[in-house]
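Colleague: Before I rely on the labels attached to this model, I would like to hear the reasoning behind them. Could we go through them one at a time?

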Amino acid sequence: MATRWLLLLLLLCASVFATGLKEYVPVFEAKYKVSKTSALRKADCMVCHISQDGEKVNPYGKDLRKAMKAAGIRKLTADILAKVEQADSDEDGMKNINEIKADRNPGLPEKPKD
Ligand SMILES: [Ca+2]
């Protein structure tokens with residue numbers, strides 16, 4: 001019986017977390033006017049996360065978390081996104097804002113296009 005309740009609780013937590021992720025995506029897409037055909041749109045949650053189901057975030061997600069913590073808020077806003085624009089979260093030599101403008105994932109290091 002206890003196992004069943006634990007399982008139900010886990011499922012509930014997982015769905016709440018998944019809803020949280022989905023609330024962040026529109027904030028990002030609205031701020032940067034992400035087009036329907038872009039790589040960033042296709043990346044969806046993976047702009048910040050390593051896996052669709054998890055807590056794990058990529059370096060861009062980590063910087064956003066730090067900015068939220070520093071601001072004392074627990075949700076993503078356009079202002080928080082702006083705070084990490086000048087950083088190079090994935091350390092590939094290109095600032096986050098420039099990667100986003102170039103339709104590249106700011107959390108995944110890529111070689112600059114020639
Ligand atoms: Ca970068």
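Modeller: The expected span of a helix is 1.5 Å times one less than its number of residues, and I should add that the model we are discussing is a predicted one.

Colleague: How do you know that the length of α3 agrees with what is expected of a helix?

Modeller: The 13 residues of α3 should span 18 Å at 1.5 Å a residue, and because its end C-alpha atoms are 18 Å apart, the two values agree. Just after α3, Gly72 takes a positive phi of about 70 degrees.

Colleague: What makes you say that the buried residues of α3 line one face of the helix?

Modeller: The buried residues in α3 are Tyr60, Gly61, Asp63 and Leu64. Seen down the axis of α3, the buried residues fall within an arc of 160 degrees, so they line one face. On the other side of α3, Lys69 and Ala70 are exposed, while the cover over the buried residues includes α4 and α5.

Colleague: Which elements make up the chain, and in what order do they run?

Modeller: The chain holds 5 helices and 0 strands, so that the order from the N terminus on reads α-α-α-α-α. Of its 114 residues, 22% count as buried.

Colleague: Why is a set of residues here called a nonpolar core, and which of them have the most contacts inside the largest one?

Modeller: The name is used because the members are buried residues of nonpolar kinds, Val and Leu among them, joined through C-beta atoms within 7 Å. The largest such core has 13 residues, and those with the most contacts inside it are Val47 and Leu64. The elements that give two or more residues to this core are α1 (2-31), α3 (59-71) and α4 (78-83). Leaving aside residues up to four places away in sequence, Val47 touches Phe28, Leu40, Tyr60, Asn105 and Gly107.

Colleague: Why is Asp79 called exposed?

Modeller: A residue is exposed if 12 or fewer other C-beta atoms lie within 10 Å of its own; Asp79 has 11, and therefore counts as exposed. Asp79 lies in helix α4, and its C-alpha atom is separated by 9.5 Å from that of Ala67, 12 residues apart along the chain.

Colleague: What makes Asp92 partly exposed rather than buried?

Modeller: Buried would require 20 or more other C-beta atoms within 10 Å, and exposed 12 or fewer; Asp92 has 16, which lies in between, so Asp92 is partly exposed. The place of Asp92 is in the loop between α4 and α5, where it touches Pro109 and Glu110, not counting residues up to four places away in sequence. Asp92 and Leu108, which are 16 residues apart in sequence, are 8.3 Å apart in space, C-alpha to C-alpha.

Colleague: What makes the phi of Asp44 and that of Glu91 worth a remark?

Modeller: Most residues other than glycine have a negative phi. Asp44, although not a glycine, has a positive phi of about 50 degrees, and Glu91 likewise has a positive value, near 55 degrees. Asp44 is in the loop between α2 (39-43) and α3, and with 16 other C-beta atoms within 10 Å it is partly exposed. Glu91 is in the loop between α4 and α5 (96-101), and with 9 other C-beta atoms within 10 Å it is exposed.

Definitions and conventions: Residues are numbered from 1 along each chain as its sequence is written. This is a predicted model: local features need pLDDT of at least 70, side-chain atom pairs count only at pLDDT 80 or more; totals for chains, interfaces and linings use all residues. Helices (H or I, at least four residues) and strands (E, at least two) are DSSP runs, numbered from the N terminus. Two residues are in contact if their C-beta atoms, placed from the backbone, lie within 7 Å. The arc is that of the directions from the helix axis to the C-beta atoms.
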